[in-house]
Amino acid sequence: MTAPADNTYDELPYEDLAFFHTHPANLAAVAMLCGMTPPPIESCSVLELGCGAGFNLIAMSESLPDARLVGIDYSARQIEAGREMAARAGAANVDLRVGDASALDASLGRFDYVIAHGLLSWVTPDVRSAIFAACNRHLAPGGIAYLSYNTYPGWHLRSLLFDALRFHAAFEGTPLERVPRARAALDRMIDDLPEPDVEYARLLRSEIEGLRDDQDAYVFHEFLETDNHPLHFAEFAVQAAQAGLRYVAEARFGTSAIAQRGDMRRRLEAVSPDLLRQEQYHDLLRNRYFRQSLLCHADLPSNGLLQQGALDRLVILARVEPLPAEADGVRPFRLRDGGVVRLDNPLLIAILDRLARAWPQPLGVGALAAAVEADLAGVALPPGASAGAVIREGVLVGYGWGWWPLLARAPAAALVPGERPRALALARLGARNASSVTNLLHQPVELDAAQRAVIVRLDGSATLDDIAGSLGMTRDEVAATVQGLAAAWLLTRG
Ligand SMILES: C[S@@+](CC[C@H](N)C(=O)[O-])C[C@H]1O[C@@H](n2cnc3c(N)ncnc32)[C@H](O)[C@@H]1O
């Protein structure tokens, strides 16, 4: 199968990105927290449907060198580009194929993890049903499928922008011509609004302003494609069930109903004991517009409860920087995304202090809990509470807020560089043209000019002195830069 003649992804492909939440180390961690025993990830098999140029899988191959990673997309141009990239990056375990995700047959086999990021709500309803069926057919018995899609009620609001963009972009011209034309027209539209303070004007303005930093490819495929059919979560769950699949949780675990604590948990339970109804109600409360939902085969048992006991089989790691304490005893910490949290809760402070000290080394959650328990000796706990349970609850709270990931397994990395360091092949290639590269944790890392100059030379053959000589830097400067790259999980042991 080749792509339709007018395949817009051929002309305006998405930029190369890796998606942390699709990584099996994250998928398996979420499944474990939901009481499942997912396939071990070291030598797992992964199928990605609608993989574009396969960058997500190529990046994954660096942390999962013994996995089998198969990507399918009907854009021949993107698959061709992906194969070239995989060859240059030495990603021998990545197999990219041109194919139609809605017309696969059983000969493709079964996979431990099936991923479809940005596919399900951008196809016709018939193709969507075929994708659910493909997930069932190609998912191994205990496997996990990941499907992302646009959802309501958030997309009711986003439809304002959808209507405005489609009006301005009309349908003449290539995607590359239409997006800038539509952007300019939207800016003019803000000025044309006759009553700038009414609710409609405020909503439209904030949606238009929110679009300014988005890539042309995103704007085009999100708003100007013929097929963009958001679906309610309830509809998603029904279609999954019809295909023999069952909802597990969200890949961004903290956004799942099952992960909600405190007041929100009580509100959801008051509406229904049924997890699926709780999920839908949660979307209505939060005006959700995008989901990254996990599914498994319908016959796998579940009690719908979060399994705190699974935490001790997971690994936690967080780049956390303690900032100077404030006068009132508040402790600020800078998180990985640059955001600062200001804490006065001794439990959370103790957890963040431990994580900051450990970084970049990963910690088992059990080991973290033991260390924090010792740090907290003498601090009053809620009456009747066990210190271990309270600490693990704190770990879950921070995880739910997105402060740190929990992984089923940490990849092998060189966190302490040797004399001839080797950086990830994909990062070395990427740093030639861009400042953002992907690390072994499947996360983006922003590099400065010195880091870019150094990382492209880290092929495992050059010594620190060689690099210092070629760049006119001192050996100490190179060593410090390389140490920073190691701590960012960009160096391999290989
Ligand atoms: C929105 S893009 C997402 C690409 C990539 N997963 C990402 O998130 O960056 C959708 C991709 O699905 C592909 N696609 C759409 N329908 C398909 C089908 N029926 N079979 C295979 N690929 C398809 C397109 O060519 C495109 O690369």
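**Sheets, a helix pair and enclosed spaces**

Reader: In the open sheet of three strands that includes β10, what is the strand order?
Author: The model is a predicted one. In it, this open sheet has three strands, and their pairing is antiparallel. The order is β9-β10-β11.

Reader: Which strands stand at the edges of that sheet, and why is one side of each left without a neighbour?
Author: A strand at the edge of this sheet has a single partner strand, so one of its sides has no neighbour in the sheet. That applies to the strands at residues 321–322 and 340–343. The edge strands are β9 and β11.

Reader: What is the bridge partner of E321 in β10?
Author: β9 pairs with β10, which spans residues 331–334, in the antiparallel sense. Two bridges make up this pairing. For E321, the bridge partner in β10 is R334.

Reader: Which helix packs on this sheet, touching β9, β10 and β11?
Author: The helix spans residues 346–358. Its direction makes about 40 degrees with that of β10. It is α13.

Reader: In the open sheet with the order β12-β8-β13, which strands stand at the edges?
Author: This is an open sheet of three strands with antiparallel pairing, in the order β12-β8-β13. The strands at 363–364 and 406–407 each have a single partner strand, so each has one side without a neighbour in the sheet. These edge strands are β12 and β13.

Reader: Which residue of β13 is the bridge partner of I316?
Author: β8, residues 315–316, pairs with β13 in the antiparallel sense. The pairing runs over two bridges. The partner of I316 in β13 is L406.

Reader: Is α6 roughly parallel or roughly perpendicular to α9?
Author: Helix α6 covers residues 154–169 and helix α9 covers residues 216–224; their axes are 9 Å apart. The angle at which they pack is about 105 degrees. Angles of 65 to 115 degrees count as roughly perpendicular. The arrangement of α6 and α9 is therefore roughly perpendicular.

Reader: How many charged residues are in the contact of α6 with α9?
Author: From α6 the contact includes W155, R158 and R166, and from α9 it includes Y218, E222 and F223. By class, nine residues of the contact are nonpolar and none is polar. The number of charged residues is three.

Reader: Which element gives the most residues to the lining of the second largest pocket?
Author: This pocket has a volume of about 430 Å³, and 24 residues line it, with S61, E62, P65, L424 and T492 nearest its centre. The elements giving two or more residues to the lining are α3 (55–63) and α16 (425–430). With four residues, the element that gives the most is α3.

Reader: What is the volume of the largest cavity?
Author: The whole structure holds two cavities of 30 Å³ or more. Among the residues lining the largest one are F20, H23, L407 and R409. Its lining divides into eight nonpolar, two polar and one charged. The volume of the largest cavity is about 60 Å³.

Reader: Which strand gives the most to the lining of the second largest cavity?
Author: The second largest cavity has a volume of about 40 Å³. Its lining residues are C34, R246, Y247, V248, I258, L275, S302 and G304; five are nonpolar, two polar and one charged. The strand spanning residues 245–250 gives three of them, the most of any element, and is β6.

Key
Residues are numbered from 1 along each chain as its sequence is written. This is a predicted model: local features need pLDDT of at least 70, side-chain atom pairs count only at pLDDT 80 or more; totals for chains, interfaces and linings use all residues. Side-chain values use heavy atoms; hydrogens and water are left out. Axes are lines fitted to C-alpha atoms, for helices over the stretch in contact, and angles run from 0 to 180 degrees between N-to-C directions. Angles under 35 degrees count as roughly parallel, over 145 as roughly antiparallel, 65 to 115 as roughly perpendicular and the rest as oblique. Contact means heavy atoms within 4.5 Å. Ala, Val, Leu, Ile, Met, Phe, Trp, Tyr, Cys and Pro count as nonpolar, Asp, Glu, Lys and Arg as charged, and the others, Gly among them, as polar. Two strands pair if DSSP finds at least two bridges between them. On a 1 Å grid over the protein atoms alone, a cavity is a set of points where a 1.4 Å probe fits but cannot get out, and a pocket is an open set with protein on both sides within 12 Å along at least five of seven lines; lining residues have an atom within 4 Å of a point. Grid points are joined across faces, edges and corners, and a volume is the space filled by probe spheres set on the points.
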